[in-house]
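Got the viewer open? Let's take a walk through this structure, one selection at a time.

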Amino acid sequence: MMNLAVRNLSKSYHQHPVLNLTQASFGKHSIEGLIGPNGAGKSTLMGLLTRRIPPTEGSIIFEVEDKHHDLIPLSSHQVAQIGLVKTNQRIQGFESLTIRDSLRLACTPPTQETLKSVFSKEQLSEAVEAEIDDYLSRFTFNEPDGYARSAGEKKLLDILRCLILKPKMLLMDEPTAGLPEDVTQQVMQEITRQTKANDMRIVIVEHDLELIWSFCEYVHFLVDGEMLFEGKPEDVKANRVVAEKYLGL
Amino acid sequence: MAYLIFSITLMLVYIGLAQLLHIQFGMLGIPNFGIVGFWGLGMYSVGVLNVQWDFSFIPALILTLLLVALVANGLGRLILKLEGQAMLCATLAFSAIVALLVITEKWLTEGVVGLGTIKYPFDAGAMTEPLYFLILLLIVVGIQLFINKLHVSRLGTLIFSIRDNEELAASLGKDTVKIKLELFTLTCALMGLLGALSAPLNQFLTPNMLVPSVTFAVWIALILGGKEHSMGAVLGVFITFGLFDLLIESYLPVAPEYAVMVPNFKLFLYGAVLVAVLMYRPRGVLGHSAAGARQELP
(Lines give C-alpha, C1' and ligand atoms only; values in the text may rest on other atoms or scores of the structure.)
Protein backbone atom coordinates (compact mmCIF):
# COMPACT_ATOMS: atom_id res chain seq x y z
CA MET A 1 0.00 0.00 0.00
CA MET A 2 1.46 3.27 -1.06
CA ASN A 3 -0.23 6.61 -1.23
CA LEU A 4 1.03 10.09 -1.88
CA ALA A 5 -1.92 12.27 -0.93
CA VAL A 6 -2.31 15.97 -1.50
CA ARG A 7 -4.96 18.19 0.10
CA ASN A 8 -5.73 21.83 -0.61
CA LEU A 9 -2.25 22.27 -1.99
CA SER A 10 -1.63 25.66 -3.55
CA LYS A 11 1.30 27.60 -4.91
CA SER A 12 1.25 31.24 -5.89
CA TYR A 13 4.04 33.43 -7.18
CA HIS A 14 3.46 37.11 -6.30
CA GLN A 15 -0.27 36.48 -5.68
CA HIS A 16 -0.50 34.79 -9.07
CA PRO A 17 -1.78 31.26 -8.47
CA VAL A 18 -0.15 28.49 -10.53
CA LEU A 19 -1.51 25.51 -8.65
CA ASN A 20 -4.65 24.96 -6.59
CA LEU A 21 -5.31 21.30 -5.92
CA THR A 22 -8.21 20.38 -3.66
CA GLN A 23 -7.35 16.74 -3.58
CA ALA A 24 -5.16 14.27 -5.45
CA SER A 25 -3.48 11.01 -4.73
CA PHE A 26 -0.75 9.03 -6.44
CA GLY A 27 0.68 5.57 -5.98
CA LYS A 28 -2.38 3.30 -6.10
CA HIS A 29 -1.19 1.92 -9.44
CA SER A 30 2.34 0.99 -10.38
CA ILE A 31 2.69 3.44 -13.26
CA GLU A 32 0.57 6.59 -13.38
CA GLY A 33 0.66 9.44 -15.85
CA LEU A 34 0.22 13.14 -15.27
CA ILE A 35 -0.72 15.06 -18.39
CA GLY A 36 -1.92 18.53 -19.20
CA PRO A 37 -1.19 21.50 -21.42
CA ASN A 38 1.90 23.67 -20.99
CA GLY A 39 1.61 25.86 -17.91
CA ALA A 40 -0.88 23.55 -16.24
CA GLY A 41 1.39 23.28 -13.21
CA LYS A 42 2.71 19.74 -13.72
CA SER A 43 6.35 20.52 -12.98
CA THR A 44 5.35 22.83 -10.11
CA LEU A 45 3.35 19.98 -8.59
CA MET A 46 6.36 17.65 -8.91
CA GLY A 47 8.61 20.25 -7.30
CA LEU A 48 6.12 20.71 -4.46
CA LEU A 49 5.81 16.97 -3.88
CA THR A 50 9.58 16.53 -3.50
CA ARG A 51 9.77 19.68 -1.32
CA ARG A 52 12.07 21.43 -3.74
CA ILE A 53 9.54 24.25 -3.99
CA PRO A 54 7.84 25.53 -0.79
CA PRO A 55 4.04 25.48 -1.08
CA THR A 56 1.91 28.52 -0.29
CA GLU A 57 -0.35 26.26 1.75
CA GLY A 58 -1.69 22.73 1.94
CA SER A 59 -0.68 19.29 3.05
CA ILE A 60 1.28 16.45 1.47
CA ILE A 61 1.17 13.05 3.14
CA PHE A 62 3.28 10.12 1.96
CA GLU A 63 2.12 6.75 3.26
CA VAL A 64 4.55 3.94 2.64
CA GLU A 65 5.10 0.58 4.35
CA ASP A 66 2.57 1.49 7.08
CA LYS A 67 4.46 4.66 7.88
CA HIS A 68 2.83 8.02 7.65
CA HIS A 69 5.11 10.87 6.58
CA ASP A 70 4.01 14.49 6.61
CA LEU A 71 6.25 16.01 3.93
CA ILE A 72 5.58 19.69 4.64
CA PRO A 73 8.11 20.08 7.51
CA LEU A 74 10.78 18.08 5.66
CA SER A 75 13.54 19.38 3.42
CA SER A 76 14.21 17.93 -0.01
CA HIS A 77 17.01 15.59 1.08
CA GLN A 78 14.80 14.09 3.78
CA VAL A 79 12.04 13.47 1.25
CA ALA A 80 14.57 11.62 -0.93
CA GLN A 81 15.74 9.60 2.07
CA ILE A 82 12.24 8.28 2.77
CA GLY A 83 12.02 7.13 -0.82
CA LEU A 84 10.33 9.84 -2.88
CA VAL A 85 12.64 10.85 -5.71
CA LYS A 86 12.26 12.88 -8.91
CA THR A 87 14.07 12.87 -12.24
CA ASN A 88 14.54 16.27 -13.81
CA GLN A 89 12.91 17.81 -16.84
CA ARG A 90 15.78 20.24 -17.37
CA ILE A 91 19.15 18.60 -18.00
CA GLN A 92 21.10 18.62 -14.76
CA GLY A 93 24.30 16.99 -13.64
CA PHE A 94 27.58 17.21 -11.79
CA GLU A 95 30.11 18.42 -14.32
CA SER A 96 33.19 17.40 -12.36
CA LEU A 97 32.01 13.85 -11.62
CA THR A 98 32.47 10.93 -14.00
CA ILE A 99 29.43 8.84 -14.89
CA ARG A 100 30.57 6.10 -12.52
CA ASP A 101 31.32 8.55 -9.68
CA SER A 102 27.93 10.14 -10.16
CA LEU A 103 26.23 6.75 -9.68
CA ARG A 104 28.53 5.99 -6.74
CA LEU A 105 27.53 9.28 -5.15
CA ALA A 106 23.88 8.25 -5.26
CA CYS A 107 24.70 4.90 -3.60
CA THR A 108 27.00 6.16 -0.87
CA PRO A 109 25.43 6.03 2.60
CA PRO A 110 25.78 9.18 4.77
CA THR A 111 28.02 7.29 7.23
CA GLN A 112 30.70 7.10 4.54
CA GLU A 113 30.49 10.81 3.86
CA THR A 114 31.56 12.19 7.23
CA LEU A 115 34.76 14.04 8.08
CA LYS A 116 35.97 10.98 9.97
CA SER A 117 35.50 8.78 6.92
CA VAL A 118 38.11 10.83 5.04
CA PHE A 119 40.78 8.82 6.85
CA SER A 120 39.09 5.43 6.72
CA LYS A 121 39.71 2.97 3.95
CA GLU A 122 36.11 1.85 3.79
CA GLN A 123 34.92 1.36 0.23
CA LEU A 124 31.48 0.91 -1.26
CA SER A 125 30.33 -2.67 -0.87
CA GLU A 126 30.98 -5.09 -3.74
CA ALA A 127 27.27 -5.55 -4.19
CA VAL A 128 26.86 -1.82 -4.87
CA GLU A 129 29.80 -1.74 -7.29
CA ALA A 130 28.35 -4.79 -9.05
CA GLU A 131 25.00 -3.00 -9.35
CA ILE A 132 26.70 0.02 -10.89
CA ASP A 133 28.58 -2.26 -13.32
CA ASP A 134 25.28 -3.92 -14.19
CA TYR A 135 23.60 -0.60 -15.04
CA LEU A 136 26.61 0.54 -17.05
CA SER A 137 26.71 -2.71 -19.00
CA ARG A 138 23.03 -2.57 -19.91
CA PHE A 139 22.81 1.13 -20.70
CA THR A 140 25.29 2.37 -23.28
CA PHE A 141 27.48 5.36 -22.52
CA ASN A 142 30.30 6.47 -24.78
CA GLU A 143 32.80 6.44 -21.92
CA PRO A 144 31.34 4.94 -18.74
CA ASP A 145 34.45 5.98 -16.82
CA GLY A 146 34.51 9.43 -18.40
CA TYR A 147 31.99 12.23 -18.37
CA ALA A 148 28.44 12.38 -19.71
CA ARG A 149 28.91 14.63 -22.73
CA SER A 150 25.73 14.67 -24.82
CA ALA A 151 22.32 15.85 -23.65
CA GLY A 152 20.99 12.32 -24.09
CA GLU A 153 23.69 10.83 -21.88
CA LYS A 154 23.11 13.43 -19.18
CA LYS A 155 19.37 12.79 -19.21
CA LEU A 156 19.88 9.01 -19.04
CA LEU A 157 22.39 9.40 -16.20
CA ASP A 158 19.87 11.56 -14.33
CA ILE A 159 17.30 8.75 -14.53
CA LEU A 160 19.78 6.00 -13.62
CA ARG A 161 21.02 8.05 -10.66
CA CYS A 162 17.46 8.08 -9.33
CA LEU A 163 16.81 4.39 -10.07
CA ILE A 164 19.95 3.27 -8.26
CA LEU A 165 18.65 5.02 -5.12
CA LYS A 166 15.88 2.37 -5.15
CA PRO A 167 13.10 4.85 -4.45
CA LYS A 168 9.69 3.75 -3.22
CA MET A 169 8.09 6.21 -5.60
CA LEU A 170 9.79 7.81 -8.58
CA LEU A 171 8.42 10.95 -10.20
CA MET A 172 9.65 11.39 -13.77
CA ASP A 173 9.36 14.85 -15.27
CA GLU A 174 9.36 14.45 -19.06
CA PRO A 175 11.78 11.51 -19.17
CA THR A 176 11.70 11.24 -22.95
CA ALA A 177 12.60 14.87 -23.70
CA GLY A 178 16.15 14.68 -25.02
CA LEU A 179 16.35 10.88 -24.99
CA PRO A 180 16.72 8.94 -28.26
CA GLU A 181 13.74 6.68 -29.07
CA ASP A 182 15.56 3.37 -28.45
CA VAL A 183 16.89 4.55 -25.06
CA THR A 184 13.40 5.74 -24.10
CA GLN A 185 12.05 2.27 -24.76
CA GLN A 186 14.89 0.71 -22.78
CA VAL A 187 14.26 3.05 -19.84
CA MET A 188 10.53 2.34 -19.90
CA GLN A 189 11.13 -1.42 -19.94
CA GLU A 190 13.55 -1.06 -17.04
CA ILE A 191 11.15 0.92 -14.86
CA THR A 192 8.29 -1.44 -15.73
CA ARG A 193 10.50 -4.33 -14.60
CA GLN A 194 11.44 -2.53 -11.39
CA THR A 195 7.85 -1.66 -10.47
CA LYS A 196 7.21 -5.40 -10.43
CA ALA A 197 10.51 -6.53 -8.88
CA ASN A 198 10.88 -3.84 -6.21
CA ASP A 199 7.28 -2.74 -5.76
CA MET A 200 8.27 0.73 -6.93
CA ARG A 201 5.64 3.25 -8.00
CA ILE A 202 6.09 5.64 -10.92
CA VAL A 203 4.41 8.91 -11.84
CA ILE A 204 5.30 10.17 -15.30
CA VAL A 205 4.78 13.70 -16.59
CA GLU A 206 4.93 13.51 -20.34
CA HIS A 207 3.80 15.18 -23.54
CA ASP A 208 4.45 12.02 -25.56
CA LEU A 209 0.91 10.67 -25.21
CA GLU A 210 1.63 7.41 -27.03
CA LEU A 211 3.99 6.57 -24.20
CA ILE A 212 1.37 7.50 -21.60
CA TRP A 213 -1.35 5.37 -23.22
CA SER A 214 0.92 2.35 -23.60
CA PHE A 215 2.60 2.30 -20.18
CA CYS A 216 0.30 3.97 -17.66
CA GLU A 217 -2.48 2.21 -15.79
CA TYR A 218 -4.01 5.43 -14.57
CA VAL A 219 -3.82 9.00 -15.82
CA HIS A 220 -4.29 12.36 -14.05
CA PHE A 221 -5.25 15.35 -16.17
CA LEU A 222 -4.18 18.75 -14.85
CA VAL A 223 -5.34 22.08 -16.31
CA ASP A 224 -4.70 25.57 -14.92
CA GLY A 225 -3.48 24.16 -11.62
CA GLU A 226 -6.54 22.00 -11.04
CA MET A 227 -7.10 18.28 -11.52
CA LEU A 228 -9.92 18.23 -14.09
CA PHE A 229 -10.18 14.52 -14.68
CA GLU A 230 -8.55 11.24 -13.79
CA GLY A 231 -9.09 7.62 -14.70
CA LYS A 232 -7.96 4.72 -16.84
CA PRO A 233 -6.21 5.69 -20.08
CA GLU A 234 -9.18 4.70 -22.25
CA ASP A 235 -11.54 6.79 -20.10
CA VAL A 236 -9.19 9.79 -20.25
CA LYS A 237 -8.85 9.42 -24.01
CA ALA A 238 -12.62 9.25 -24.37
CA ASN A 239 -13.30 12.20 -22.07
CA ARG A 240 -14.71 15.23 -23.84
CA VAL A 241 -13.04 17.81 -21.57
CA VAL A 242 -9.60 16.29 -22.09
CA ALA A 243 -10.20 16.15 -25.81
CA GLU A 244 -11.17 19.80 -25.97
CA LYS A 245 -8.59 21.20 -23.58
CA TYR A 246 -5.59 19.17 -24.56
CA LEU A 247 -5.87 16.68 -27.37
CA GLY A 248 -7.14 19.33 -29.75
CA LEU A 249 -9.84 17.13 -31.21
CA MET B 1 68.83 35.02 8.87
CA ALA B 2 66.26 35.88 11.53
CA TYR B 3 64.36 37.93 8.96
CA LEU B 4 64.41 35.05 6.49
CA ILE B 5 63.00 32.64 9.06
CA PHE B 6 60.31 35.16 10.02
CA SER B 7 59.43 35.61 6.35
CA ILE B 8 59.17 31.96 5.45
CA THR B 9 57.18 31.27 8.64
CA LEU B 10 54.78 34.02 7.57
CA MET B 11 54.72 32.44 4.11
CA LEU B 12 53.59 29.17 5.72
CA VAL B 13 50.70 31.04 7.36
CA TYR B 14 49.64 32.30 3.92
CA ILE B 15 49.99 28.81 2.44
CA GLY B 16 47.76 27.47 5.22
CA LEU B 17 45.13 30.15 4.60
CA ALA B 18 45.20 29.48 0.84
CA GLN B 19 44.87 25.72 1.42
CA LEU B 20 41.82 26.31 3.59
CA LEU B 21 40.35 28.63 0.97
CA HIS B 22 40.94 25.85 -1.56
CA ILE B 23 38.64 23.61 0.51
CA GLN B 24 36.08 26.37 0.99
CA PHE B 25 35.98 27.86 -2.49
CA GLY B 26 37.88 25.52 -4.82
CA MET B 27 36.17 22.36 -3.63
CA LEU B 28 32.94 23.47 -1.98
CA GLY B 29 32.22 26.74 -3.80
CA ILE B 30 31.88 29.04 -0.77
CA PRO B 31 33.42 32.42 -1.66
CA ASN B 32 34.91 33.41 1.70
CA PHE B 33 36.03 37.04 1.47
CA GLY B 34 36.39 37.27 5.22
CA ILE B 35 39.63 35.34 5.63
CA VAL B 36 41.30 38.19 7.48
CA GLY B 37 38.35 38.26 9.87
CA PHE B 38 38.77 34.64 11.01
CA TRP B 39 42.55 34.91 10.98
CA GLY B 40 42.47 38.24 12.85
CA LEU B 41 39.90 36.99 15.37
CA GLY B 42 42.24 34.11 16.17
CA MET B 43 45.23 36.38 16.43
CA TYR B 44 43.58 38.97 18.68
CA SER B 45 41.83 36.34 20.78
CA VAL B 46 45.17 34.77 21.69
CA GLY B 47 46.60 38.25 22.20
CA VAL B 48 43.84 39.34 24.59
CA LEU B 49 43.82 36.08 26.53
CA ASN B 50 47.60 36.04 26.76
CA VAL B 51 48.39 39.68 27.45
CA GLN B 52 45.27 41.06 29.16
CA TRP B 53 44.11 38.02 31.09
CA ASP B 54 47.41 36.21 31.65
CA PHE B 55 46.43 32.92 30.08
CA SER B 56 49.41 30.86 29.05
CA PHE B 57 49.70 30.19 25.34
CA ILE B 58 48.29 26.66 24.98
CA PRO B 59 45.03 27.26 26.93
CA ALA B 60 44.65 30.54 25.04
CA LEU B 61 45.09 28.64 21.78
CA ILE B 62 42.45 26.07 22.67
CA LEU B 63 39.94 28.71 23.81
CA THR B 64 40.63 30.66 20.62
CA LEU B 65 39.99 27.62 18.45
CA LEU B 66 36.64 27.11 20.19
CA LEU B 67 35.73 30.78 19.90
CA VAL B 68 36.47 31.01 16.17
CA ALA B 69 34.65 27.72 15.53
CA LEU B 70 31.62 29.04 17.39
CA VAL B 71 31.64 32.35 15.50
CA ALA B 72 32.14 30.56 12.15
CA ASN B 73 29.30 28.17 12.93
CA GLY B 74 26.98 31.04 13.79
CA LEU B 75 27.94 32.99 10.70
CA GLY B 76 27.65 29.84 8.58
CA ARG B 77 24.09 29.24 9.76
CA LEU B 78 23.20 32.76 8.66
CA ILE B 79 24.91 32.92 5.29
CA LEU B 80 25.54 29.46 3.80
CA LYS B 81 22.04 29.29 2.32
CA LEU B 82 22.61 32.52 0.39
CA GLU B 83 23.71 32.97 -3.21
CA GLY B 84 27.43 33.20 -3.92
CA GLN B 85 27.57 36.98 -4.24
CA ALA B 86 25.62 37.50 -1.03
CA MET B 87 27.99 35.15 0.82
CA LEU B 88 30.89 37.12 -0.57
CA CYS B 89 29.50 40.40 0.76
CA ALA B 90 28.52 38.87 4.11
CA THR B 91 31.97 37.40 4.77
CA LEU B 92 33.66 40.62 3.69
CA ALA B 93 31.37 42.54 6.06
CA PHE B 94 32.20 40.09 8.85
CA SER B 95 35.92 40.80 8.49
CA ALA B 96 35.22 44.55 8.52
CA ILE B 97 33.25 44.14 11.75
CA VAL B 98 36.14 42.25 13.36
CA ALA B 99 38.60 44.97 12.33
CA LEU B 100 36.29 47.74 13.61
CA LEU B 101 35.67 46.03 16.94
CA VAL B 102 39.40 45.72 17.45
CA ILE B 103 39.70 49.50 17.04
CA THR B 104 36.68 50.48 19.15
CA GLU B 105 36.90 48.00 22.05
CA LYS B 106 39.97 49.58 23.58
CA TRP B 107 39.40 48.03 27.04
CA LEU B 108 40.01 44.64 25.44
CA THR B 109 42.35 45.22 22.53
CA GLU B 110 44.10 48.52 23.35
CA GLY B 111 42.68 49.85 20.06
CA VAL B 112 45.07 51.58 17.71
CA VAL B 113 47.76 51.74 20.39
CA GLY B 114 48.38 48.07 19.86
CA LEU B 115 48.54 44.95 21.97
CA GLY B 116 51.75 43.25 23.05
CA THR B 117 54.06 41.63 23.69
CA ILE B 118 53.00 38.11 22.84
CA LYS B 119 55.86 35.75 23.51
CA TYR B 120 56.56 32.45 21.81
CA PRO B 121 54.96 29.55 23.68
CA PHE B 122 58.40 28.13 24.48
CA ASP B 123 61.92 29.47 24.82
CA ALA B 124 64.65 27.53 23.09
CA GLY B 125 67.11 30.36 22.81
CA ALA B 126 68.36 30.87 19.27
CA MET B 127 66.38 27.81 18.18
CA THR B 128 62.99 29.29 19.16
CA GLU B 129 62.18 30.76 15.75
CA PRO B 130 63.38 27.76 13.71
CA LEU B 131 61.38 25.42 15.96
CA TYR B 132 58.30 27.60 15.57
CA PHE B 133 58.82 27.44 11.82
CA LEU B 134 58.84 23.64 12.06
CA ILE B 135 55.56 23.63 14.00
CA LEU B 136 53.87 25.69 11.30
CA LEU B 137 55.42 23.48 8.62
CA LEU B 138 53.89 20.44 10.32
CA ILE B 139 50.48 22.12 10.38
CA VAL B 140 50.68 23.08 6.71
CA VAL B 141 51.81 19.57 5.73
CA GLY B 142 48.97 18.19 7.84
CA ILE B 143 46.40 20.35 6.06
CA GLN B 144 47.87 19.29 2.70
CA LEU B 145 47.59 15.60 3.59
CA PHE B 146 43.99 16.17 4.64
CA ILE B 147 43.28 17.90 1.30
CA ASN B 148 44.86 15.05 -0.66
CA LYS B 149 42.77 12.50 1.24
CA LEU B 150 39.65 14.63 0.86
CA HIS B 151 40.03 14.80 -2.92
CA VAL B 152 39.84 11.02 -3.32
CA SER B 153 37.35 10.31 -0.51
CA ARG B 154 33.61 9.71 -0.78
CA LEU B 155 33.11 12.98 1.10
CA GLY B 156 35.21 14.65 -1.61
CA THR B 157 32.83 13.37 -4.29
CA LEU B 158 29.91 14.75 -2.30
CA ILE B 159 31.68 18.10 -1.89
CA PHE B 160 32.27 18.39 -5.65
CA SER B 161 28.64 17.51 -6.30
CA ILE B 162 27.53 20.31 -3.95
CA ARG B 163 29.78 22.78 -5.77
CA ASP B 164 28.43 21.66 -9.15
CA ASN B 165 24.72 21.49 -8.28
CA GLU B 166 23.65 21.65 -4.66
CA GLU B 167 19.94 21.27 -5.35
CA LEU B 168 20.53 18.10 -7.34
CA ALA B 169 22.75 16.65 -4.60
CA ALA B 170 20.02 17.36 -2.04
CA SER B 171 17.45 15.66 -4.27
CA LEU B 172 19.57 12.50 -4.02
CA GLY B 173 19.13 12.54 -0.25
CA LYS B 174 22.33 14.37 0.66
CA ASP B 175 22.20 16.72 3.65
CA THR B 176 24.15 19.44 1.84
CA VAL B 177 23.41 22.13 4.45
CA LYS B 178 24.98 20.07 7.22
CA ILE B 179 28.10 19.15 5.21
CA LYS B 180 28.66 22.78 4.19
CA LEU B 181 28.26 24.02 7.75
CA GLU B 182 30.61 21.38 9.15
CA LEU B 183 33.34 22.09 6.64
CA PHE B 184 32.93 25.86 6.87
CA THR B 185 33.19 25.70 10.67
CA LEU B 186 36.25 23.44 10.56
CA THR B 187 38.15 25.42 7.92
CA CYS B 188 37.35 28.80 9.47
CA ALA B 189 38.44 27.51 12.87
CA LEU B 190 41.73 26.44 11.29
CA MET B 191 42.08 29.93 9.82
CA GLY B 192 41.66 31.14 13.39
CA LEU B 193 44.33 28.69 14.51
CA LEU B 194 46.73 30.09 11.93
CA GLY B 195 45.87 33.55 13.24
CA ALA B 196 46.52 32.45 16.80
CA LEU B 197 49.90 31.08 15.75
CA SER B 198 50.65 34.33 13.93
CA ALA B 199 50.31 36.29 17.17
CA PRO B 200 53.73 35.36 18.65
CA LEU B 201 55.21 35.74 15.19
CA ASN B 202 54.07 39.36 15.04
CA GLN B 203 54.57 39.88 18.80
CA PHE B 204 52.79 43.23 18.71
CA LEU B 205 49.27 43.39 17.28
CA THR B 206 47.76 46.48 15.69
CA PRO B 207 44.41 46.94 13.90
CA ASN B 208 46.12 47.77 10.61
CA MET B 209 47.11 44.11 10.34
CA LEU B 210 43.43 43.30 9.79
CA VAL B 211 43.07 44.98 6.42
CA PRO B 212 41.25 43.23 3.53
CA SER B 213 44.50 43.03 1.56
CA VAL B 214 45.34 39.90 3.58
CA THR B 215 42.19 38.28 2.20
CA PHE B 216 42.98 39.45 -1.31
CA ALA B 217 46.58 38.20 -1.14
CA VAL B 218 45.28 34.72 -0.25
CA TRP B 219 42.67 34.84 -3.01
CA ILE B 220 45.16 35.98 -5.65
CA ALA B 221 47.58 33.23 -4.64
CA LEU B 222 44.91 30.54 -4.87
CA ILE B 223 43.52 31.74 -8.20
CA LEU B 224 47.03 32.05 -9.61
CA GLY B 225 48.03 28.57 -8.47
CA GLY B 226 44.76 26.93 -9.49
CA LYS B 227 41.77 26.92 -7.17
CA GLU B 228 40.64 23.39 -8.01
CA HIS B 229 44.00 21.67 -7.84
CA SER B 230 45.07 20.21 -4.51
CA MET B 231 48.51 21.87 -4.81
CA GLY B 232 47.22 25.18 -6.26
CA ALA B 233 47.38 26.98 -2.91
CA VAL B 234 50.98 25.99 -2.21
CA LEU B 235 52.22 26.89 -5.68
CA GLY B 236 50.25 30.14 -5.71
CA VAL B 237 51.77 31.38 -2.45
CA PHE B 238 55.24 30.33 -3.61
CA ILE B 239 54.78 32.54 -6.67
CA THR B 240 53.13 35.57 -5.06
CA PHE B 241 54.70 35.66 -1.62
CA GLY B 242 57.83 33.59 -2.19
CA LEU B 243 58.94 34.92 -5.53
CA PHE B 244 57.83 38.53 -5.32
CA ASP B 245 57.63 39.56 -1.66
CA LEU B 246 60.56 37.50 -0.49
CA LEU B 247 62.97 36.83 -3.33
CA ILE B 248 62.68 39.94 -5.44
CA GLU B 249 61.84 42.46 -2.73
CA SER B 250 64.40 41.32 -0.16
CA TYR B 251 67.03 39.16 -1.77
CA LEU B 252 67.43 40.30 -5.37
CA PRO B 253 71.09 41.29 -5.79
CA VAL B 254 70.98 44.79 -7.30
CA ALA B 255 73.41 47.67 -7.28
CA PRO B 256 72.54 50.22 -4.55
CA GLU B 257 71.75 52.95 -7.09
CA TYR B 258 68.98 50.78 -8.55
CA ALA B 259 67.63 49.50 -5.22
CA VAL B 260 65.09 52.31 -5.09
CA MET B 261 63.48 50.89 -8.22
CA VAL B 262 62.96 47.40 -6.82
CA PRO B 263 59.49 47.89 -5.28
CA ASN B 264 58.13 49.42 -8.49
CA PHE B 265 59.83 46.79 -10.59
CA LYS B 266 58.34 44.10 -8.37
CA LEU B 267 54.86 45.52 -8.67
CA PHE B 268 55.21 45.74 -12.45
CA LEU B 269 56.41 42.15 -12.72
CA TYR B 270 53.71 40.94 -10.31
CA GLY B 271 51.02 42.55 -12.44
CA ALA B 272 52.52 41.15 -15.63
CA VAL B 273 52.62 37.60 -14.24
CA LEU B 274 49.02 37.91 -13.00
CA VAL B 275 47.78 39.10 -16.38
CA ALA B 276 49.76 36.43 -18.23
CA VAL B 277 48.43 33.60 -16.04
CA LEU B 278 44.84 34.81 -16.31
CA MET B 279 45.18 35.11 -20.10
CA TYR B 280 46.86 31.81 -20.82
CA ARG B 281 45.83 29.67 -17.83
CA PRO B 282 42.51 31.15 -16.69
CA ARG B 283 42.04 28.29 -14.22
CA GLY B 284 45.42 28.92 -12.64
CA VAL B 285 48.89 27.52 -13.31
CA LEU B 286 47.79 24.03 -12.25
CA GLY B 287 44.25 24.38 -13.60
CA HIS B 288 42.83 22.51 -16.56
CA SER B 289 39.63 22.28 -18.56
CA ALA B 290 36.42 22.05 -16.56
CA ALA B 291 35.51 18.50 -17.46
CA GLY B 292 38.97 17.10 -16.84
CA ALA B 293 39.33 18.69 -13.45
CA ARG B 294 38.97 15.55 -11.42
CA GLN B 295 40.68 12.96 -13.59
CA GLU B 296 44.12 14.46 -13.43
CA LEU B 297 44.11 15.13 -9.73
CA PRO B 298 46.43 13.04 -7.55
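The tour starts with a whole chain, then goes down to strands, a helix and a single residue, and ends at the contact between two chains.

A little housekeeping before we click. This is a predicted model, where local features need pLDDT of at least 70 and side-chain atom pairs count only at pLDDT 80 or more, while totals for chains, interfaces and linings use all residues. Residues are numbered from 1 along each chain as its sequence is written, and chains are lettered from A and ligands numbered from 1 in the order in which they are written.

**Stop 1: all of chain A.** Select chain A and turn it around: along its principal axes the C-alpha trace spans about 60 × 40 × 35 Å. You should find 9 helices and 10 strands (helices are DSSP runs of H or I with at least four residues, strands are runs of E with at least two, and both are numbered from the N terminus). The radius of gyration of chain A is 19 Å, close to the 18 Å from the globule rule for 249 residues, so chain A is as compact as a globular protein of that length. That radius is taken over C-alpha atoms, and the rule is 2.2 Å times the number of residues to the power 0.38.

Now colour by domain, with bounds from an automatic or database domain assignment. Domain 1 of chain A takes 2-93 + 167-247, and domain 2 takes 95-147. Their C-alpha centres lie 28 Å apart.

Of the 249 residues in chain A, 40% are buried (20 or more other C-beta atoms within 10 Å of a residue's own; 12 or fewer is exposed, in between is partly exposed, and C-beta atoms are placed from the backbone).

**Stop 2: strand β9.** Select residues 218-223 of chain A, a strand with 5 of its 6 residues buried. Strand β3 (residues 31-35) runs parallel to β9(A), joined by 4 bridges, while β10 (residues 226-231) pairs with β9(A) in the antiparallel sense over 5 bridges. Pairing here takes at least two DSSP bridges between the strands. Click A:F221 in β9(A): A:I35 stands opposite, and the bridge partner in β10(A) is A:F229. Follow the chain on from β9(A) and you reach a hairpin with β10(A), with 2 residues between the strands; A:D224 in the turn has a positive phi of about 50°.

**Stop 3: helix α5.** Jump to residues 151-163 of chain A. This 13-residue helix reaches 19 Å from first C-alpha to last, close to the 18 Å expected at 1.5 Å a residue (that is, 1.5 Å times one less than the number of residues). How many of its residues are buried? In α5(A), 10 of 13 are, including A:L156, A:I159 and A:L163. Show β6 (84-87), α3 (99-107), α4 (126-138), β7 (169-173) and α6 (181-198) of chain A too, since the buried residues of α5(A) pack against them.

**Stop 4: A:S12.** This serine sits in strand β1 (residues 2-13) of chain A. A:S12 is partly exposed, with 14 other C-beta atoms within 10 Å. Leaving out residues up to four places away in sequence, A:S12 touches A:P17, A:V18 and A:T56 (contact means C-beta atoms, placed from the backbone, within 7 Å). A:T56 is 44 residues away along the chain, yet the two C-alpha atoms are separated by 6.3 Å.

**Stop 5: where chain B comes in.** Finally, show both chains. Their contact takes 29 residues from chain A and 27 from chain B. On the chain B side, α6 (128-152), α7 (154-171) and α8 (176-202) each give two or more residues, and α7(B) gives the most, with 12.

Note on methods. Two residues are in contact if their C-beta atoms, placed from the backbone, lie within 7 Å.
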